[in-house]
Each structure stands twice: as C-alpha cells, then as structure tokens.
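Here are some notes for a first reading of this entry. Please keep the structure open while going through the points.

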Amino acid sequence: MKKMKYSGIISMHFVLAFVVNPISAAQLNISSTQSMNVLFITIDDLNNDLGAYGHHLVKSPNIDALAKKGIRFDKAYSQSPMCTPSRSSFMTGLYPDQTGIIAHGSHTQMTAHFRDHIPKVTTLPQLFKDNGYFSGRVGKIYHQGVPNQIGTAGADDAASWHETINPIGLDKDVEDKIIAFNEKALKRQSFGGVLSFLAIGNDDKAHTDGKVATETINMIKDHHPDKTGKPFFIGAGFYRPHTPFVAPKKYFDLYPLDKIKPYIAPKNDRKDIPAIALQDREGQLALTLNQRKQIIQGYYAAVSYVDAQVGRVLDALKQQSLSDNTIVVFLSDHGYELGQHGLWQKGSLFEGSARAPLIIYAPNAKGNGSVVTSPVELVDIYPTLAKLAGLVAPEYLAGKDLTPALNNVDFQVRKGAYSAILNRNKGDNNQFAFTKIRGHSIRTNRYRYTEWGEGHFGAELYDHQNDPQELKNLADKVSLEGIRIKMKWLLDAAIEKAQTRIKAIE
C-alpha cells in the first residue's frame, strides 16, 4: 500500500491565531489538560435509512451503537446534495458559494479545486495539523470519483495532512461483472452515476472499504498518543454505498427480495412540483418493480457492509484504550433517494437527498445518548470540533458551534438549515438546457421552502408535520401565504450569508 506524506509551511499569522482555549472542554466536563483525539468518519452517499434513524429493515448495528453512545442529529442537512460541493463545504467550514465549488464533476475536467478560489483557507484537518496534531487521511474525505479514482488521491488537499493512504480492493477488479439496467453504462463500463450492483466474495477485508478500515486501524496504532506524544486527527473515508453497490454476498443475503417493498410515489405526485425540481436520470422512471427491489437490495447490502467496517474501526479505538479521549464524528456527504418522487440517487433539494446522517460522540458530553431534533448544517461540524478540542477556529467560518446542543439537546442552534444546488435538469423539451439556474432551500423544524431561479422557475413549500413525504406543494395556497413569506425571509437571509465573499482567504 502506497503511503503519501505531505508537509506544509504555515504562516506566523495562523500560528498566532490558533491558540488553545480550554473553556469548551470544561463546559463539556472534559479535562482541559487532556487533548482530545478526533476520528472523523465520512460515508459516501449514505441516507438516513439506518436502524438508529428508525428504519425497520436496514441492519446497521455498529452505527446504531455509536448513535446510542453519542448524540444523533435528526435533522442534519448537506449544503449541497452532491459530493464535490458538499465535501469542499464541510471541510472548509464555508458554504459552496464561498468555496467557489457549486457544481459536481471531475476536478481535472469540469470543476476547479477550492484552493483555486480561496488558497489561504485553513481546512478542518489543517487547523488540527497546525496545532500540533498528527493529521492523517485514509480513503475518501475530499472528492474522489467512484469507482474510477479509487486507489488514487483524487482531488485531495495536500495542506490538510501529514500522511495519506489510498486503498484499493477487489471491487476494482470485478467491474466487468457489475449488473446495471442501463445498456449505455454497461457498454462503456461506467458506473459512477448509474444504479449498479454486484455481490461477490465474502472476505470483508479484501474490498476497498475493508482496506480503509484496516489502514485506519493501523494509523490509529502507529500514531497512538502514548507512542507519539501528541493527539491525532484521523479521517476515515469509506466509499460505499456509492454506486456501484459492490459488497460481499453475505450482506445481500440480509435483504431477501421478497422482504423489500420499494416506495411507489402516488400517481399525481409530480403534478404540483416545478419541472426543474425533478432531477431525473436516464431510464430511472422506467424501472420495473423487480429492478427496484434489486437496486435497493444492493444499496442496503452496501450500507450493512460499510457498517461492519465502521464497527472494526470503533472496536480498535476501544482496544487501544482511546474511546474515552477521542471525539468521533460520523456523517455522510448528503442523502440518497430510492424512488421518492420517482427520483433515484442524489442531487435534488427534497428531504431524501438533502438530509444526511450525523452523529457526534464527545466524551462526557451531557447530552450523550440523546437526539437533537432541531435543524443543523454539515458546515457546523468545523467550529464544533474546534471548540471541543479547545482550538480557536478562523473567524470567517460560516457554521455555528453545536457544543451547546451537545450539553442540552433541546438547545436550538439555528432556525433553519440551508441547501443549494446548480440545476442539471435539461427539461423535457430542453427548456432548461444551457442555463445556470440555482435552487435554494431552507428546512426548519416544520417546513421546507425551496425556490428555483429566485422563484421565476417555481417554488415549493412542504409541511413536514402533516406531510413528511413532501407530497403536497403548498407554495400557492393562499391560506399559507403568511408562512410562505416568513420562510422566504429566512431563505433570503440564508442565501445572503451563504454568498458573502471572504476576501481574507482569496
């Protein structure tokens, strides 16, 4: 396994700025004399279909155990429900407009790296690295195209890490066997954006995510604070359940097809949805019931497989006697739709795509074992980890510190969570082709409000108290105009903040 080591020179400005602040540690009953390690676990394309979030079928015992131990955030939202803009956002603590990365694509072909826009930014792991922590990455933390860039650094950020490892497993050797219902994808052998799956082998450790777990465990052991004399920030980035859903057969066997009941949208579901909001992918509206079952089986198999690998890493923390002084963050970069509104995968501004799982375990936090039900954003993770570790974060961060909610889960950190996307829907008659139409959405405790092209291409208002599936668009209801106006005010304020330029890091 090739290991790449990076070193960086930091300016005196940053050295002076990031000093230790023990107040937050004391607030959380953590010894201010003991530095907290950080294990930062990211999952690719994982939605909230988990046991911990109340799903009756999905088996995710290790993630569920972490949720019971730490704090589960019930309404956590990605700032853009696509991989590249989302990861660039939560790793810098800034909104996509502030990073310059608002679209998803290959950094070598379509999309610039955030350093091209904000070269002076200090990323989350870089903050820890600059404050005496060992900083290491295994697998996908920043964007890597899956499956094509597995085994490479992808669009990594060298300044963030002392050491990086890019595992590659047997799933990269069996792509010619992958099953898909898209003939063009099969012909091209291109599965990154296509619903595709394969059950093969029963050796967890031989797959890429098994190797991610193994290398993360080795990194934890090699950089144990008792051995190195300093704490660590280790990012463990798992690749599944991103397509193709390749996993050992035993995980497919957990989900017999006769037990899977795909969601079928009501017949008239799409009538009141703006056409531009329906980010359809080729052929997916025509999927048969049995095809849907096979796709969902593959997705859930990949979820259970990655859950087992997360469990291996968490067990290693315990075996190394690090559970009591390591902050664990578990998140996905966004959600994933499995038939809602006839949509599959990611990239919409509906709940299924914008919402993501988020669990934070901070040793001795008063709220451990509880649930935060008010909305939060993934961009909030950066200032929260800085506060937990007693580090002073950059003043320009866009996120909010979640530590008050870690002590009191009823504390509402923000009124609403903001998400945005650049439209990729060409329309039935190419009416949206060659246009740069943005969708902006705000989610409060009760409502979701979305505007397309500042409302010129449509708006959506959903009442989650009475309509959790977002089946009734209430934006044109005269009786709810007062609520729509208030939601618009909240959305307008969120957009203004998200588009605030930060000249100091350019």
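1. A term is needed before the points below: helices are DSSP runs of H or I with at least four residues, and they are numbered from the N terminus. With that numbering, G390 comes just after helix 14 and takes a positive phi of about 75 degrees. The model is a predicted one.

2. Helix 14 covers residues 381–388, and seven of its eight residues are buried, so the helix is largely enclosed by the rest of the structure. The buried residues are I381, Y382, P383, T384, L385, A386 and L388.

3. On overall form, the protein chain contains 16 helices and 18 strands. Its radius of gyration is 22 Å, which agrees with the value near 23 Å that a compact globule of 506 residues would have. Along the principal axes, the C-alpha atoms fill a box of roughly 60 × 55 × 40 Å.

4. How much of the protein chain is buried? Buried residues account for 61% of the 506. The chain exposes about 19,900 Å², and 51% of that area is supplied by carbon and sulfur atoms.

5. Contacts between residues at least 6 apart in sequence mostly span long stretches of the protein chain: 75% of them join residues at least 24 apart.

6. One open sheet has three strands in the order 6-7-9, and its pairing is mixed. Strand 6 (179–180) and strand 9 (245–247) are the edge strands; each has a single partner strand, so one side of each lacks a neighbour in the sheet. Helix 12, residues 289–319, packs on this sheet and touches strand 7 and strand 9. The direction of helix 12 makes about 50 degrees with that of strand 9.

7. Within this sheet, strand 6 pairs with strand 7 (residues 196–199) in the antiparallel sense, over two bridges. I179 has F197 in strand 7 as its bridge partner.

8. Which residues have the most contacts inside the largest nonpolar core? They are I41, F238 and F330, in a core of 59 residues. Helix 12 gives the largest share of this core, with 15 residues.

9. Leaving aside residues up to four places away in sequence, I41 touches A236, F238, V310, L314, V328, V329, F330 and L331. A second core, separate from the largest one, has 47 residues, including F233, V329, V376 and I505.

Technical notes:
Residues numbered from 1 in each chain as written. Predicted model: local features only at pLDDT ≥ 70, side-chain atom pairs only at ≥ 80, totals over all residues. Heavy atoms only, no water. Pairing = 2+ DSSP bridges. Contact = heavy atoms within 4.5 Å. Axes fitted to C-alpha atoms, helices over the stretch in contact; angles between N-to-C directions. Rg over C-alpha atoms; globule rule 2.2 N^0.38 Å. Buried < 20%, exposed > 50% of the residue type's maximum accessible area, 1.4 Å probe, protein only. Areas by Shrake-Rupley, 256 points an atom, 1.4 Å probe, with all protein chains shown as cover. Core = buried A, V, L, I, M, F, W, Y, C linked by side-chain atoms within 4.5 Å.
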